[in-house]
Amino acid sequence: MKLLKLTIDNFRVFHGRHVLKLDVTEDKPTILIFGMNGAGKTTLLNAFIWALYGKFTDDVEHQERIINDRVWQEASFGTTVQAGVRLEFEHEGAVFSVRREVRAIKETEAQKLPAPQLVVNETRQGESNTITNGQDRIEKILPEGLRRFFFFNGERMERMFTRDGSGEVQNAIKTLMGLEMIERAIDDHLPAATRKLTTAAKKLGGGRLQALAQVQEDLERKIAAARDRQRKLAADISSYQAEVEATNKALLDNREAAPLQMRRAKLAKDREQERLRLLELQERQRRALAERGFIAFTAGLDQTVIDLAEGMRRRQELPAGIQRDYINGLLDDGYCMCGTAVPPGSPAHAALTERLSNAGLADVQARWMNLRGNAARLVDARNALLEELRSISSDLQAAGAKIDDIDAEESDIARQLKGVDVVDVPKLEDRRAEFDAKRVEALGAHRDAEREIERLQEDLTRSRRQFRAAKVEDDEARRLQRQMGLVEEVLDAFHRILQVRTAEVRQELDAKVKNVFSRICIKPFTPELSSRFELKLHANVAGPAAIRSTGENQILGLSFVGAVSEMAKEIHVRKRKTDGGGLDEGGIYPVVMDAPFGNLDIEYQDQVAESVPRLTSQIVTLLSQSQARGQVLRHLQASASRMYVLRSVTSKEDAKEQTITINNRAVPYVTRGDFEHTILEEVTA
């Protein structure tokens, strides 16, 4: 996918028509767009997203106001007003034109707009056609699940890797790997086949199969209800978290509350670190008990084994070197090796017969000696296990106590905030406490739903096993049993394929993220993409979680974007070499990013500026003047095919006009005019 041109008509802050040419050269893959805060950088980023998907990012305010405010205000009641965005791009030999626009008859001062209309045209070998279902074609080129990796706000990318966002990241990775067809089989097709067979089993009339079929149907219904509840809770958690973050920001912006809020933000980070440490310790404890817990119950048994082995050795009940055929020869001859007669029924004959039961088993003595040695080692292993568990328990108590201390200090901060003699602060604090309590409650309910689903799944697996094992006489019933068994085998195989492929891509991405991150970050931190696709940062390769700054979170996000871009390209190349075979989707995608340096220190800005052009073959970067100074600007300009300025026009009479220096010359950045709007202007060499 190669972007060619973006045309904007009366779209939000952009009055009139503005054209952004996006073609780049191979050695200069960057488009630079400079604009001050409020000039429309976020709007421009969202113009791409809105054209492709008809949506805005969450940080866009008043999303209903699509048509430029000035155009809407100047329109007479009863007249038609419109706004639109056209995005032109090339993909696999064809040129696509995506036009999304909204038309409305002005009836009120507020913008009450109908659903936007989408038109997608494809031009291939000089012939142009309108695509009937344009949105489906866009989704095939760049699935919306992958959009977040290629069109994003750099200041907010860390949200991708929180607990709430990691599920979306995992789904997007599966999209990249082209595993939707397997997921559809797992989630839709095979369960539908199972339900059909279950219904057939219920119609057999009476019998064990009918009862088991009914049990399975009830369990599947309960699982579906629990999953629906879990999805709703996940949405609620995200909503409550957004409210908490909004009130946190409002408190931070308040001069009286800011110091307390800053301290609370630090405590929140400390609590998260302790929570992660707590989870790591709990996992260590679980693994130790699962793998070696049985050793704790061997006390006394090991000494008993040692005593038995030693006693048998002393009584020569484990003789070495005496073979069974030799003893049989003595019994057949009727004489011992010393010449004493051993007739049947004599005590000597009985003694040889008893010895025969152990004789000739060449590994008996070795096994007993080995068992004795293992029993002796059990004592040391048990002591080591108990010592490890005591240490983990102590660390768990320490982490729990630290979290309790943090909670207590946070409660004190909340009390102090409520006492601040500013009207808004206590209200904000009450609102924050209300939504944080709702968030915590929803998290608990979400975990309960997850445990309920696990329990129901176990019951369902047991019921299916009983269904397959049930004894039936009817041929139709046996056929249903075989079919149900086959469906379950296929479902199990698909689950394993999905797990294996997901694990493979996670490992590959993890390695790529480490590589990109090490080129940018000056600290000896090591990133890790967990099995849940949460991006973590460790103080060293095997060390504890590092306390991450906002800037380091942003570097993590950029590293991940670079890794995803590289992997998508590799998948695309591999797919073309195999004539399109395989499940992988992949592709060569552009990156459009707003504020890539927003929270970075100067030394990091320089290294990111040097690394950005290597992310992919086309990068559109939106940034402010403060984010492009000195060496950073030189790095960016050296890789830029085109540069633009979003000139802010203000009607404020005493506003100071400003310029920005690009290519060693001053370019208008803020100017005065009749009304507030933004003008997109290309900066020529």
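Select Arg 124 and Glu 127 to start: Glu 127, in strand S7, is the bridge partner of Arg 124. The model on screen is a predicted one. Keep the view here and add Gln 125, which belongs to the hairpin of S6 and S7. Two residues lie between the strands of this hairpin, and Gln 125 takes a positive phi near 55 degrees.

Next, select residues 117–124, which make up strand S6. S6 and S7 run antiparallel and are joined by four bridges. Further along the pair, pick Glu 122; opposite this residue, in S7, stands Asn 129.

**The sheet**

Widen the selection to the sheet that holds both strands. In what order do its six strands lie? The order is S2-S1-S4-S5-S6-S7, the pairing is antiparallel, and the sheet is open. Colour residues 17–21 (S2) and 127–130 (S7) to mark the edges. Each of these two strands has a single partner strand, so one side of each has no neighbour in the sheet. On average, neighbouring strands here are turned by 15 degrees against each other, direction ignored.

**Two helices across the sheet**

Now show helix H1, residues 41–53. H1 lies across S1 (2–9), S2, S4 (80–91), S5 (94–105) and S6. Its direction makes an angle of about 85 degrees with S4.

Then show helix H3, residues 134–141. Which strands does H3 lie across? They are S4, S5 and S6, and H3 runs at about 60 degrees to S6.

**Salt bridges in the helices**

Side chains of opposite charge can pair when their charged atoms come close. Across the whole structure, a search finds 31 salt bridges.

Select Arg 229 and Glu 452 and show their side chains. The two form a salt bridge, with 2.5 Å between the closest N and O atoms. Arg 229 sits in helix H7 (residues 207–253) and Glu 452 in helix H13 (residues 424–469), so this pair ties together parts 223 residues apart in sequence. Arg 229 is partly exposed, at 38% relative accessibility. Glu 452 is also partly exposed, with a relative accessible area of 25%.

Move to helix H8, residues 258–292, and pick Glu 283 and Arg 286. These residues are three apart, about one turn of the helix. Their side chains meet in a salt bridge at 2.7 Å, N to O. Glu 283 has 32% relative accessibility and counts as partly exposed; Arg 286, at 48%, counts as partly exposed too.

Helix H12, residues 364–418, is the next stop, with Arg 390 and Glu 387 to select. They too lie three residues apart, about one turn of the helix. The closest N and O atoms of their salt bridge are 3.4 Å apart. Are these two residues buried, partly exposed or exposed? Arg 390 counts as exposed at 51% relative accessibility, while Glu 387 counts as partly exposed at 46%.

To end the salt bridges, select Asp 9, Arg 17, Arg 99, Glu 101 and Arg 103 together. Salt bridges that share partners join these five residues, Asp 9, Arg 17, Arg 99, Glu 101 and Arg 103, into one network.

**The whole protein**

Finally, zoom out and select everything. The protein has 17 helices and 16 strands. Of its 685 residues, 43% count as buried. Switch on the surface: the protein exposes about 36,400 Å², and carbon and sulfur atoms supply 50% of that area. Among contacts with a separation of 6 or more, 70% are between residues 24 or more positions apart.

Conventions. Residues numbered from 1 in each chain as written. Predicted model: local features only at pLDDT ≥ 70, side-chain atom pairs only at ≥ 80, totals over all residues. Heavy atoms only, no water. Pairing = 2+ DSSP bridges. Axes fitted to C-alpha atoms, helices over the stretch in contact; angles between N-to-C directions. Contact = heavy atoms within 4.5 Å. Buried < 20%, exposed > 50% of the residue type's maximum accessible area, 1.4 Å probe, protein only. Areas by Shrake-Rupley, 256 points an atom, 1.4 Å probe, with all protein chains shown as cover. Salt bridge = Lys/Arg side-chain N within 4 Å of Asp/Glu carboxyl O.
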